[in-house]
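Here are my notes on this one, jotted down while going through the model. Have it open alongside as you read.

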Amino acid sequence: MLTKDALTSYNKDASEKLFEEALDVIPGGVTANIKHFAPYPIFMKEGHGSKLIDEDNQTYIDYSLCYGALITGHGHERIMQRTHEQLIKSGTMIFGTPHSLEVDMAKRIIGLYQGIEQVKFTNSGTEAVLLAIRLAVAHTKKEKVAKFEGHYHGGLNNLLASINPSEQDAGEADQPNAVFESNGIPNDERENTVILPFNNLEATSALLREHANDLAAVILEPVQGGFIPADKAFLDGLRKITDELNIVLIFDEVKTGFRVALGGAQAAYDIKPDLTTLGKVLGGGLPIGAVGGRKDIMMLSAASKDGDVFSVGGKSNETVGTVFHSGTYNGHPLIMAVGLETLDILEENNIMENLFSQTMLLRSRLEKMYASYNIKMQTVGMGSIFNIIFTDQPIKSYRDMWKANIELRQEIDTELLSLGVYLKPLNRYSMSTVHSTEDIDFTVNAHESALKKVLSRHAKRKRHA
Ligand code: PMP
């Protein structure tokens with residue numbers, strides 16, 4: 001039997017059984033470690049609109065939305081229809097050749113993202129970051145990369161550092177340690193990463209100046225974790241100093257793209273990064289990534305008539321000048337079609353405005369409810385993403401999150417899973433265009449029920465102490 005404690009218990013028999021089966025055949029029972037949580041993750045079998053249905057037939061309002069990817073909710077009628085139409089029209093899953101939809105999608109992205117002049121597609125956000133970093137190294141002829149503490153950029157060896165470091169390991173606030181958070185990363189890859197403090201321009205500038213001769217790129221989530229906004233002055237300052245020091249500025253907009261504004265955080269802040277990575281929403285629920293940016297940098301990866309690593313017997317000295325980028329599934333026609341339909345929906349009148357105002361409605365109603373119980377709670381976010389943080393202290397960076405009452409959040413989130421609100425415990429909330437005011441009512445009521453349960457458990461514990 002799986003162990004349970006008061007903080008993390010619920011009864012979902014079918015999920016528990018499936019998880020025990022999974023543990024035998026999949027390491028840890030999940031194929032993406034983020035999907036694990038105690039005592040066992042919930043196995044879903046259907047999704048409709050704002051709802052998920054699990055293997056025990058319980059319905060949930062879904063605020064994970066596949067970690068933000070499903071901005072039009074589950075199984076949007078137009079997305080489903082476009083999927084069928086595309087398959088029938090093309091008669092195949094994929095051509096394995098160039099096709100018009102990838103050109104259409106590139107044009108759409110360029111029209112929306114002010115920092116993007118050309119685009120290439122990948123299959124995931126991680127792959128997009130891989131290409132962006134390789135381009136930056138080729139462009140600057142420097143080798144180090146700077147990232148911010150608390151920011152996540154996928155599974156690359158040199159960027160799996162200081163995403164969630166402990167207080168003991170994190171080091172000085174002005175000069176954070178690089179704390180690597182995966183086993184199996186070679187030492188020489190650990191030496192090329194510099195960690196910066198988010199929203200602290202003075203300390204960031206000092207570190208950038210110190211490492212300027214080695215730094216190819218600064219990569220960041222312009223809204224940390226999708227919910228802690230950068231200060232405008234911080235981003236302006238970062239843009240200026242990276243220009244001055246010949247460091248490529250990469251906005252990783254895998255979470256924020258199409259979610260904090262249609263044109264991403266770069267539109268919201270009116271800043272042009274050199275390179276941008278996209279993912280999640282762009283594929284409408286199918287796997288995707290994209291890199292876009294300045295033409296002079298993007299062109300470093302241009303295919304050449306003189307050949308490449310795939311030209312067997314070709315002039316191998318011609319391959320060295322090009323930044324390698326390829327992938328069997330890059331620019332997949334079905335994903336492009338679904339992505340284009342998603343953008344069509346999002347560009348309709350008032351859709352984004354409504355999405356943002358529904359998100360604000362949920363945030364303000366939750367804040368009001370918790371305040372009525374004198375619980376120190378705030379929501380932090382931007383556009384269609386937010387998080388619930390149990391502290392009244394300002395939240396500007398990763399370390400500020402240490403001030404929050406994580407145990408309370410964990411208890412509430414676990415209760416919510418019994419009450420029919422789905423979110424991986426402690427994760428951020430993402431909204432969709434189909435979350436209704438009834439969903440919001442249900443969610444606020446569920447939070448209130450969860451809070452009452454937790455408070456009465458605490459009171460009982462106190463009496464028995
Ligand atoms: N960058 C950011 C900002 C992300 O949020 C993620 C995924 N959560 C990634 C990169 C990696 O994307 P993927 O999971 O598609 O590889």
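Which residue is the bridge partner of I53 in β3?

1. It's T59 that bridges to I53. Before going further, the housekeeping: this is a predicted model, with local features needing pLDDT of at least 70 and side-chain atom pairs counting only at pLDDT 80 or more, while totals for chains, interfaces and linings use all residues. Residues are numbered from 1 along each chain as its sequence is written, and side-chain values use heavy atoms, with hydrogens and water left out.

2. The I53 bridge belongs to an antiparallel pair, β2 (residues 51–54) with β3 (residues 59–62), held over three bridges. Strands here are DSSP runs of E, at least two residues, and helices are runs of H or I, at least four, numbered from the N terminus; two strands pair if DSSP finds at least two bridges between them. β2 and β3 make a hairpin with four residues between them, and N57 in the turn has a positive phi of about 70 degrees.

3. β3 has another partner: β15 (residues 421–422), parallel this time, over two bridges. One of these matches I61 with V421.

4. Now the seven-stranded sheet. The sheet is open, with mixed pairing, and reads β4-β12-β11-β10-β7-β5-β6. β4 (118–122) and β6 (193–196) sit at the edges with a single partner strand each, so one side of each has no neighbour in the sheet. Neighbouring strands are turned by 20 degrees against each other on average, direction ignored (axes are lines fitted to C-alpha atoms, for helices over the stretch in contact, and angles run from 0 to 180 degrees between N-to-C directions).

5. At the β4 edge, β4 runs antiparallel to β12 (residues 289–293), joined by five bridges; T122 pairs with G289 there. Helix α3 (residues 100–112) lies across β4 and β11 (275–278), at about 125 degrees to β4; contact means heavy atoms within 4.5 Å.

6. On to the ligand. Around it (a heavy atom within 4 Å) are S124, G125, T126, Y152, H153, G154, E221, D252, V254, K255 and K280. This shell splits into two nonpolar, five polar and four charged residues.

7. Ligand oxygen atoms have polar partners (N or O pairs within 3.5 Å): a polar backbone atom of G125 at 2.8 Å, a polar side-chain atom of T126 at 2.7 Å, and a side-chain N or O of K255 at 2.9 Å. The protein covers 81% of the 390 Å² of accessible area that the ligand has on its own (Shrake-Rupley, 1.4 Å probe).

Definitions and conventions
Polar contact = N/O pair within 3.5 Å; in protein donor to acceptor, adjacent residues only side chain to side chain. Nonpolar A, V, L, I, M, F, W, Y, C, P; charged D, E, K, R; others polar.
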